[in-house]
Amino acid sequence: MPMHAAVRVEDVHKWYGSLHAVRGVSFELPKAQVAGLLGHNGAGKSTLIRMIAGFLTPDHGVIEIDGVDVETDRRSAAARIGYLPESTPLYPEARVEDYLHFRGRLFGMPWSARGGGVSRVVEQCWLKDVRKRRIGELSKGYRQRVGLAAALLHDPPVLVLDEPTSGLDPTQVREMRGLIRGLASERTMLISSHVLPEVEMLCDRVMIVASGKLRADGAVADLASRFTPGGLEVEALVHDEHAAGRFVGALGAIAGVTRVDQRAVGPGGWRRYAVHAAAGVDVREGVARAAQGACVTLREIAPTRATLEAVFVRVLEESAAEGTA
Amino acid sequence: MKTGNSISRAWSGAWAVARRELSAYFRQPAGWIIVALYLLLCGAVFSVMVLAPARPATMRPFFDVAGWLLLPVVPAVAMRLFAEEYRTGTIEPLATSPASSLTLVLGKYAGGAIFLACMFAPTLVYPALLTVYSDPAPDLGPIATGYLSLALVAGLYLAVGIAASAGTSNATLAFMTTLFVVLGFLLAGWLGRSLDDPWRSMLYRLSIPSRTGDFAKGIIDTSHVVFFGGAIAWCLALTVGIVQWRRWR
């Protein structure tokens, strides 16, 4: 039996009138991977998510969920995917349990499986206390959990969450993240988010969409090394300004170093420097030699860890530059 | 076997949607207010125009007024069916379920139709009262065909309303569109009087009063039943088309 990717998106395009919202996006998510989809507003992220969930139809390209084409066999594809739309639209007049039963009926779950399924997701999403309450009376955090419970009810192998923590207070965000982390081990998940640390925390892989195109795709560490130039964080004991000037000069003279910034002066004269270098150039030995030459005691040489935010900004800058070129 | 399973799944999906619609009507004050106002006016008409001494034992005045009352009531019932889903975004989880657009449309139509049936049901007490108190007893044939006519007219209005509701996210706009289309059906014969054939006869055939007159006399003309059935099916097919088209936009 052939192994299918959990999600396969191939050369997908979407136009809204003359606006080319999604421009030839392709990627595959293997089973049990948690991927984050990043992009600013209007980047085409929600359109892409909606096409994967089967709400919008692509104008070109193929989307498969667990080997099933979303367009030609929408019913089977829908049964394999759990979808939490942005802002979690629900029926305010319905009771939590009634809503979940309604979703179960809609997914063709027989009575026996539905009862068990509802109890399972109520437990899983911590909804026990509110199962008899009307959805309109619940806090945003609880409503979000009801939406997640509805997405999980038919036990889909793929979960697509569009901005799952948007509009939640910090406690609710923490709870929701905990919930998502708990689900991650069993399922393939695609999470769209504006919150970069959240993506960094929850996802194995990050995809950045800008101007309708997939601009970056990979693990956070890989993207960091690809999109930010190499560099080091250096901590050294420098006794006076004269020595500091000599050390910075020596650092700047190392082949491949593009800039040296002093970050902070700590207690006891320990100073931190950011040594920026061209990508792929290892300047560690040069730093050690510069320290020796300037009679400076080194305490730490560590590679600069580029944040996801830095990667995101860099990708958007590149995309903008390409757009204006 | 596969076809059988698909039909059973589609039926179960449509029934789920119908049940949800029905509970939404009865869980909101608007549903109860619509039923109460309709029954209040029907009751007033029945007491004043039907259950009066020396009047013939016929429900005809009741059916005339009950039919006109459907003009604001059914568009009000139909307007939220899809428009509200599009406005609040609940169409998204609905349309990404395995239920097809046809299943959703049939389920919503059935939900609205069952709600209207619940609204009509208490009026069955009127013919029962008439049978008990009037001498000679009323002819039950025209009463039965009167109810059939009421059901067909309400069914047509509801089908027009669901199509209008699918085309917009604005329930008020859906209400007004339904109202004007239905008024067009009601006034088609009158509008056609000043025209020459074939327009005159075509508009007369489209006119609802020209179709319901026979029912009031106790006659079931299959051509009228086919007209209503065909028009309802056409509107529902149009609704499915609109829901599908909105996926492509």
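For its 249 residues, chain B has a radius of gyration of 19 Å, which agrees with the value near 18 Å that a compact globule of that length would have. The model is a predicted one, and every value below was computed from it. For chain A, in contrast, a compact globule of 325 residues would have a radius of gyration near 20 Å, but the chain has 25 Å. The overall descriptors of the two chains are set out in the table.

| Descriptor | Chain A | Chain B |
|---|---|---|
| Radius of gyration | chain A: 25 Å | chain B: 19 Å |
| C-alpha box along the principal axes | chain A: roughly 80 × 45 × 40 Å | chain B: roughly 60 × 45 × 40 Å |
| Buried residues | chain A: 45% of 325 residues | chain B: 40% of 249 residues |
| Share of contacts with a separation of 6 or more that join residues 24 or more positions apart | chain A: 70% | chain B: 77% |

**Chain A and its sheet**

The secondary structure of chain A consists of eleven helices and 14 strands. Six strands of this chain form an open sheet with mixed pairing, and their order across the sheet is β6-β7-β8-β3-β9-β10. The edges are β6 and β10 (213-218) of chain A, each of which pairs on one side only, and from one strand to the next the twist averages 15 degrees.

At one edge, β6(A) pairs with strand β7 (residues 158-162) of chain A in the parallel sense over four bridges, and A:Ile81 has A:Val158 in β7(A) as its bridge partner. In a regular strand the side chains alternate between the two faces of the sheet. In strand β6 (residues 81-84) of chain A, A:Ile81 and A:Tyr83 lie on one side and A:Gly82 and A:Leu84 on the other, and since all of these residues are buried, both faces of the strand are covered. Helix α5 (residues 140-152) of chain A lies across β6 and β7 of chain A and runs at about 165 degrees to β6(A).

Elsewhere in the sheet, strand β3 (residues 34-38) of chain A and strand β9 (residues 205-210) of chain A also pair in the parallel sense, over four bridges, with A:Ala35 standing opposite A:Arg205 in β9(A).

**Chain B and a helix pair**

Chain B has twelve helices and zero strands, so its pattern along the sequence is an unbroken series of α elements. One pair of these helices can be described in detail: helix α8 (residues 140-166) of chain B packs against helix α11 (residues 208-216) of chain B at an angle of about 155 degrees, with the axes 8 Å apart. Because angles over 145 degrees count as roughly antiparallel, α8(B) is roughly antiparallel to α11(B). On the α8(B) side the contact involves B:Pro142, B:Thr145, B:Gly146, B:Leu148, B:Ser149 and B:Val153, which meet B:Ile208, B:Thr212, B:Phe215 and B:Ala216 in α11(B). The residues of this contact divide into six nonpolar, four polar and no charged.

**Where the chains meet**

Between the chains, 20 residues of chain B are in contact with 21 residues of chain A. On the side of chain B that touches chain A, the elements giving two or more residues are α1 (2-26), α5 (91-95) and α12 (222-248) of chain B, and the largest share, six residues, comes from α1(B). By residue class, this side of chain B divides into seven nonpolar, eight polar and five charged residues.

Note on methods: Residues are numbered from 1 along each chain as its sequence is written. Chains are lettered from A and ligands numbered from 1 in the order in which they are written. The radius of gyration is taken over C-alpha atoms; the globule rule is 2.2 Å times the number of residues to the power 0.38. A residue is buried if 20 or more other C-beta atoms lie within 10 Å of its own, exposed if 12 or fewer, and partly exposed in between; C-beta atoms are placed from the backbone. Two residues are in contact if their C-beta atoms, placed from the backbone, lie within 7 Å. Two strands pair if DSSP finds at least two bridges between them. Axes are lines fitted to C-alpha atoms, for helices over the stretch in contact, and angles run from 0 to 180 degrees between N-to-C directions. Angles under 35 degrees count as roughly parallel, over 145 as roughly antiparallel, 65 to 115 as roughly perpendicular and the rest as oblique. Ala, Val, Leu, Ile, Met, Phe, Trp, Tyr, Cys and Pro count as nonpolar, Asp, Glu, Lys and Arg as charged, and the others, Gly among them, as polar.
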